[in-house]
Every structure is written in structure tokens, then in C-alpha cells.
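Work through the exercises below with the coordinates loaded. Try each task before reading its solution.

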Amino acid sequence: MAPLRVFLVLLFGVLLMLQTFSLPGQFAHMAEESPDLAYLRWPMTAVAVFWVLCVQVVIVATWKLLTLVKNDRIFTESSLAWVDAIVWAVAAAWVVLLGVFLYVGFRADDPGLPLLLFLMVVGVAVLGLLMVVMRALLRQATTLRTDMEAVI
């Protein structure tokens with residue numbers, strides 16, 4: 001579990017740097033280079049920062065779930081709240097991604113970017129639904145463990 005925690009910390013740190021420096025700077029540079037698209041600078045910055053925030057929520061929730069596993073408390077009601085946080089973060093990112101896909105799709109001249117965005121929409125939907133299934137399995141295991149403890 002320690003290597004996973006190290007990589008979660010590294011990923012969170014890189015995402016924080018990306019969120020505060022790189023993304024705003026990148027979109028400012030793009031606005032300078034393409035003045036006709038400068039109006040997209042702040043919406044693109046907001047969307048990108050929001051997506052990074054969603055990933056950060058998943059990282060924090062994963063950290064908390066690892067702690068519950070370490071303390072042998074994963075099969076408790078408190079773990080479901082952290083899985084819910086992951087599900088809601090993925091759902092929020094998916095809704096915004098769907099909006100971006102629709103915006104780009106109706107304005108695109110070339111099918112390449114809309115197709116890539118569609119692939120991402122489907123991929124994030126699959127990830128979100130997988131997390132819903134994992135939550136159901138965790139709920140079932142929690143109920144079984146609670147029932148077994150009541151018998152013993």
C-alpha cells in the first residue's frame with residue numbers, strides 16, 4: 001500500500017501544479033496566439049481546472065479508503081461515503097465532458113476531435129458505472145460482514 005500512497009501524493013502534487021500554474025498559463029498563451037479564439041480562454045481554463053479537481057477528489061477518497069483497509073474498517077458505512085465521493089466526482093466530470101462534447105460536436109468541421117471526445121464520454125461513463133457496481137459490491141460485503149458479526 002505504501003507505493004500506491006507515494007504515487008497518489010505525487011499525482012496530487014503534479015495535478016495541483018497543473019491546476020494553478022500550467023493550465024491557466026497554457027490557455028493565456030493560446031489566447032495570445034489565436035486572438036479569434038481568445039473568448040474561450042476562461043471557459044477552457046474553468047473546465048480544465050474543474051476536471052483536475054474531480055481527479056483530486058478521487059485521489060483523496062482513494063487515500064481515505066486505503067486508510068480504512070489498513071485499519072480493517074473497509075466494510076463499514078463510512079467507506080460507502082468515500083465511494084460515493086468517487087462516484088459523484090466521476091459523474092460531475094462526465095456531465096461537463098458531455099457538455100464540451102456537444103459544444104465541440106455542433107461546431108466542428110473535422111470529425112476527429114468530436115470522435116475523440118465521444119470516446120472519452122463513453123470511457124468516463126464506463127468508469128462511473130464500474131464505480132457504481134463496486135459500490136454495490138462493497139455494500140453487499142458490508143451487509144454480509146455485519147450479519148456475520150451479529151451471528152458470532
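**Exercise 1. A nonpolar patch**

Task: Find which residues make the nonpolar surface patch of about 450 Å². Then place Val133 and classify its exposure.

Solution. This is a predicted model.
- Step 1: the patch consists of Leu127, Leu130, Val133, Met134 and Leu137.
- Step 2: Val133 belongs to helix H4, which spans residues 112–151.
- Step 3: the relative accessible area of Val133 is 45%. Partly exposed covers the range between 20% and 50%, so Val133 is partly exposed.

**Exercise 2. Aromatic rings**

Task: Count the aromatic pairs. Decide whether the rings of Phe101 and Phe118 are stacked, edge-to-face or tilted.

Solution.
- Step 1: the count is one aromatic pair.
- Step 2: the ring centres of Phe101 and Phe118 are 5.9 Å apart, and the pairing limit is 6.5 Å.
- Step 3: the ring planes of Phe101 and Phe118 meet at 45°. Stacked needs under 30 degrees and edge-to-face over 60, so this pair is tilted.
- Step 4: Phe101 sits in helix H3 (residues 77–107) and Phe118 in helix H4. They are 17 residues apart, and the pair links distant parts of the chain.
- Step 5: Phe101 has a relative accessible area of 19%, so this residue is buried. Phe118, at 42%, is partly exposed.

**Exercise 3. A charge over a ring**

Task: Identify the ring under the charged end of Arg5 and give the distance to its centre.

Solution.
- Step 1: the ring belongs to Trp63.
- Step 2: the charged end of Arg5 sits 4.5 Å from the centre of the Trp63 ring.

**Exercise 4. Salt bridges**

Task: State how many salt bridges the whole structure holds. Then analyse the bridges Arg145–Asp72, Glu77–Arg139 and Arg145–Glu149.

Solution.
- Step 1: the search finds four salt bridges.
- Step 2: Arg145 and Asp72 meet at 3.1 Å, N to O. Arg145 is in helix H4, while Asp72 is in the loop between helix H2 (41–70) and H3. The two are 73 residues apart, and the pair links distant parts of the chain.
- Step 3: check exposure for this pair. Arg145 has 26% relative accessibility and counts as partly exposed. Asp72 is also partly exposed, at 49%.
- Step 4: Glu77 and Arg139 bring their closest N and O atoms to 3.3 Å. Glu77 lies in helix H3 and Arg139 in helix H4, so this bridge ties together parts that are 62 residues apart in sequence. Arg139 is partly exposed, with a relative accessible area of 33%.
- Step 5: in the bridge between Arg145 and Glu149, the closest N and O atoms are 3.4 Å apart. Both residues are in helix H4, four residues apart, so about one helical turn separates them. Glu149 counts as exposed because its relative accessibility is 51%.
- Step 6: look for shared partners. Asp72, Arg145 and Glu149 are joined by such salt bridges into one network.

**Exercise 5. A backbone contact in H4**

Task: Find which backbone atom the side chain of Thr142 reaches, and decide whether Thr142 is buried or exposed.

Solution.
- Step 1: Thr142 is part of helix H4.
- Step 2: its side chain reaches the backbone oxygen of Leu138, at 2.7 Å.
- Step 3: the relative accessible area of Thr142 is 3%, so Thr142 is buried.

**Exercise 6. The sign of phi**

Task: Give the phi of Asp72 and its location.

Solution.
- Step 1: Asp72 has a phi near 55°. That is a positive value in a residue other than glycine.
- Step 2: compare with the general rule. Most residues other than glycine have a negative phi.
- Step 3: Asp72 is found in the loop between H2 and H3.

**Exercise 7. Sequence against space**

Task: For the pairs Cys54–Ala2 and Ala91–Asp72, set separation in sequence beside C-alpha distance.

Solution.
- Step 1: Cys54 and Ala2 are 52 residues apart in sequence, and their C-alpha atoms are 23 Å apart.
- Step 2: Cys54 is in helix H2 and counts as buried, at 8% relative accessibility.
- Step 3: Ala91 and Asp72 are 19 residues apart in sequence, with a C-alpha to C-alpha distance of 28 Å.
- Step 4: Ala91 lies in helix H3 and is partly exposed, at 30% relative accessibility.

Conventions:
Residues numbered from 1 in each chain as written. Predicted model: local features only at pLDDT ≥ 70, side-chain atom pairs only at ≥ 80, totals over all residues. Heavy atoms only, no water. Patch = residues over 30% accessible without salt bridge, like charges linked within 9 Å, V, L, I, M, F, W, Y side chains within 5 Å. Areas by Shrake-Rupley, 256 points an atom, 1.4 Å probe, with all protein chains shown as cover. Salt bridge = Lys/Arg side-chain N within 4 Å of Asp/Glu carboxyl O. Buried < 20%, exposed > 50% of the residue type's maximum accessible area, 1.4 Å probe, protein only. Phe/Tyr/Trp six-rings, centres within 6.5 Å; stacked < 30°, edge-to-face > 60°. Lys NZ or Arg CZ within 6 Å of the ring centre and 35° of its normal. Polar contact = N/O pair within 3.5 Å; in protein donor to acceptor, adjacent residues only side chain to side chain.
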